[in-house]
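Reader: Before we discuss any labels, please show me the sequence and the model. Then tell me what each label rests on.

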Amino acid sequence: MSGPAGAGKVGVNGKTHLVALAQSTGTWTSWGGFNAVGASFGESLVTHGDANFVGDVSIDGDAMIGGDLSCV
């Protein structure tokens, strides 16, 4: 959910692992790669590594993936 200042942004220097329908209203940047089992992004997803998704994934903005992309 957005806070009083609007959608937030998350930045992770390593890898991100999300499980159980995680939701973000802003942009999520994960430099080391991204793994998710069900996720929703209100803005963009950015990673220089690989992105692996299982289940329902929604990205309302841009998806910028520097490595491999796999979706199951």
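Author: Start with pairing: two strands pair if DSSP finds at least two bridges between them. Strands are DSSP runs of E, at least two residues long, numbered from the N terminus. The model is predicted, so local features need pLDDT of at least 70 and side-chain atom pairs count only at pLDDT 80 or more, while totals for chains, interfaces and linings use all residues. Residues are numbered from 1 along each chain as its sequence is written, and side-chain values use heavy atoms, with hydrogens and water left out.

Reader: How do you know that strand 3 and strand 5 pair?

Author: Strand 3 (residues 28-30) and strand 5 (residues 45-47) share three bridges, in the parallel sense. The definition asks for at least two, so they pair. One opposite position is tryptophan 28 with leucine 45 in strand 5.

Reader: What makes strand 1 and strand 7 edge strands?

Author: Their sheet is open, with four strands in the order 1-3-5-7 and parallel pairing. Strand 1 (10-12) and strand 7 (63-65) each have a single partner strand, so one side of each lacks a neighbour in the sheet. Neighbouring strands here are turned by 10° against each other on average, direction ignored. That angle lies between axes, which are lines fitted to C-alpha atoms, and angles run from 0 to 180 degrees between N-to-C directions.

Reader: Which strands form the open sheet with the order 2-4-6-8, and what is left at its edges?

Author: The order 2-4-6-8 is itself the list of four strands, with parallel pairing. Strand 2 and strand 8 stand at the edges with a single partner strand each, so one side of each has no neighbour in the sheet. The twist averages 25° from one strand to the next.

Reader: What supports the pairings of strand 6?

Author: Seven bridges join strand 4 (residues 34-41) to strand 6 (residues 51-59), and the two run parallel. Strand 6 also pairs with strand 8 (residues 69-71) over three bridges, again parallel. Serine 40 has serine 58 as its bridge partner. Alanine 36 stands opposite phenylalanine 53, and asparagine 52 opposite serine 70.

Reader: Why is threonine 27 called buried?

Author: Its relative accessible area is 14%. Buried means under 20%, exposed over 50%, and partly exposed in between, with a 1.4 Å probe and protein chains only. Threonine 27 is therefore buried. It lies in the loop between strand 2 and strand 3.

Reader: What makes the link between threonine 27 and glutamate 43 a polar contact?

Author: Their side chains are joined at 3.1 Å. A polar contact is a pair of N or O atoms within 3.5 Å; within protein, one must be able to donate a hydrogen and the other to accept it, and residues adjacent in sequence count only if both atoms are side-chain atoms.

Reader: Why are alanine 20 and leucine 21 called exposed?

Author: Alanine 20 has 58% relative accessibility, so it counts as exposed. Leucine 21 has 60%, so it is exposed too. Both are in strand 2. Phi is positive in each: near 75° for alanine 20 and near 55° for leucine 21. Most residues other than glycine have a negative phi.

Reader: What makes a set of residues a nonpolar core, and which elements supply the largest one?

Author: A nonpolar core is a set of buried Ala, Val, Leu, Ile, Met, Phe, Trp, Tyr and Cys residues joined through side-chain atoms within 4.5 Å. The largest has ten residues, including Leu18, Trp28 and Phe41. Strand 2, strand 4 and strand 6 each give two or more. Strand 4 gives the most, with four.
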